[in-house]
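Colleague: Got a minute for this one? I'd like a close look at one charged pair, and then whatever helps me place that pair in the rest of the fold.

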Amino acid sequence: MKKYDVTALGELLIDFTENGKSAQGNPLFEANPGGAPCNVLAMLAKLGHKTAFIGKVGNDYFGSQLREAITEVGIDSACLRVDDTVHTTLAMVHTYPDGDRDFSFYRNPGADMMLTESEIPEDQIHDSKIFHFGTLSMTHEGVRAATKRAISIAEEAGAILSFDPNLRPPLWESMEEAREQVLYGLAHCHILKISDNEIQWLMGEDDYSDGVKWILDRYQIPLILVSMGKAGSRAYYDGRMVEVQPFLQEHTIETTGAGDTFCACVLHAVCERGLEDLTDEDLKEMLTFANAAASLVTTRKGALRVMPDPQEITELIQEKNS
């Protein structure tokens, strides 16, 4: 038996999200703890799973805030490293009227980029059922080597590998380099969570099934999830496709963390059922639960500290089905 259900590696940062205006008419920003891997872990912790994070923050006020935040929501922070010379990474999140957003990063460098191969905790990864990673820890050479070392350890340990590209174009030297690292991730995962726009960028396909076929022609990935925003989501498994409609909210504030919440709920289902012999009904239940949870997070500012409770998710599903 493994001690941890899911260990994730990657970025932990402060998302400065718009939250009104001052008396002078200037935009006010709230310092929310963020970063896709820990958003995923926070939702999993809400669902009762044992989780841990591998990453790096600065030896500064924001680094301390982030350690406190992930510990508070139930994520094991023993493998969170601290850099004495580089500050914690910051992101400005600009929200549009429909709840979508854009990012500006203060990361040249940022502490999350400074994680090294020697700082990868082998025992932690060996003791995890699922290892989850993305591409923000693959944008630069040093942290890329650390990420690939962790992936190699997870493979040796027989863990299930979960990959979410979570593409952020401003952070890459070139999109060709981004493509190369995304393809590396595709070659080293059992679960892929990919968004509609990432499929369009990577394969040049507007038909998502054609995009998934392109992936499966090249990589043996047992479970592929496509998140399609307001169009819902799909699961591709064992030559089959299941699609589930979204839960659209009247009071969407922002979409930050929605994809991470969705991803966490998929990993929750895999923790409960495994990856073998999933039926269409299993996939439908998985997607329905994930869609409902993701929709709830869009009604809140931030993500990591405001993940929905299991009861809220169940009630929303029951309300839609009634």
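Here's where I'd start: are Glu-119 and Lys-56 buried or exposed?

Modeller: Buried, the two of them. Keep in mind that we're looking at a predicted model. Mean pLDDT for the protein is 95, with 98% of the residues at 70 or more. By element, the mean is lowest for strand β8 (residues 101–106), at 84, while β10 has the highest, 99.

Now your pair. Glu-119 and Lys-56 form a salt bridge, and their closest N and O atoms are 3.1 Å apart. It joins distant parts of the chain: Lys-56 sits in strand β4 (residues 51–58), whereas Glu-119 is in the loop between β8 and α3 (122–126), 63 residues apart. There's a third partner to keep in view, too, since Asp-83 is linked with Lys-56 and Glu-119 in a network of salt bridges.

For context, the whole structure has 15 salt bridges. Take Arg-305 and Glu-72, whose closest N and O atoms are 3.1 Å apart. Arg-305 is in the loop between α9 (280–297) and α10 (310–321) and Glu-72 in helix α2 (residues 61–72), so this pair ties together parts 233 residues apart in sequence. The surroundings of this one aren't buried: Arg-305 counts as partly exposed at 38% relative accessibility, and Glu-72 is exposed, with a relative accessible area of 52%.

Then there's Glu-177 with Arg-144, a salt bridge whose closest N and O atoms are 2.7 Å apart. Glu-177 belongs to helix α5 (residues 175–186) and Arg-144 to helix α4 (residues 141–156), so parts 33 residues apart in sequence get tied together. Glu-177 and Arg-144 are buried.

Helix α5 also turns up in another role, as part of what covers the buried residues of α7, along with β11, α6 (196–203), β12 and β13 (233–237). Those buried residues of α7 (residues 208–218) are Tyr-208, Gly-211, Val-212, Trp-214 and Ile-215. Down the axis of α7 they fall within an arc of 150 degrees, so they line one face of the helix.

Follow that cover to β11 (residues 191–195) and you find five of five residues buried, so the strand is largely enclosed by the rest of the structure. Ile-191, Lys-193 and Ser-195 point one way from β11, and Leu-192 and Ile-194 point the other way. On the pairing side, β10 (residues 160–163) runs parallel to β11 over two bridges, with Ser-162 opposite Ile-191. Strand β12 (residues 223–227) is also parallel to β11, over five bridges, and there Ile-191 has Leu-223 as its bridge partner.

Leu-223 is worth clicking on. The largest nonpolar core has 58 residues, and Leu-223 is among those touching the most other members, together with Leu-12 and Leu-225. A second, separate core has 40 residues, including Ile-54, Ile-125, Phe-163 and Tyr-219. Back at Leu-223, its contacts beyond four places in sequence include Ile-191, Leu-192, Tyr-236, Val-266, Leu-283 and Met-286. That fits a broad pattern: nonpolar side chains tend to be buried together in soluble globular proteins.

Definitions and conventions:
Residues numbered from 1 in each chain as written. Predicted model: local features only at pLDDT ≥ 70, side-chain atom pairs only at ≥ 80, totals over all residues. Heavy atoms only, no water. Buried < 20%, exposed > 50% of the residue type's maximum accessible area, 1.4 Å probe, protein only. Helix = DSSP H or I, 4+ residues; strand = E, 2+ residues; numbered from the N terminus. Pairing = 2+ DSSP bridges. Core = buried A, V, L, I, M, F, W, Y, C linked by side-chain atoms within 4.5 Å. Contact = heavy atoms within 4.5 Å. pLDDT = per-residue confidence, 0-100. Salt bridge = Lys/Arg side-chain N within 4 Å of Asp/Glu carboxyl O. Arc of directions from axis to C-beta.
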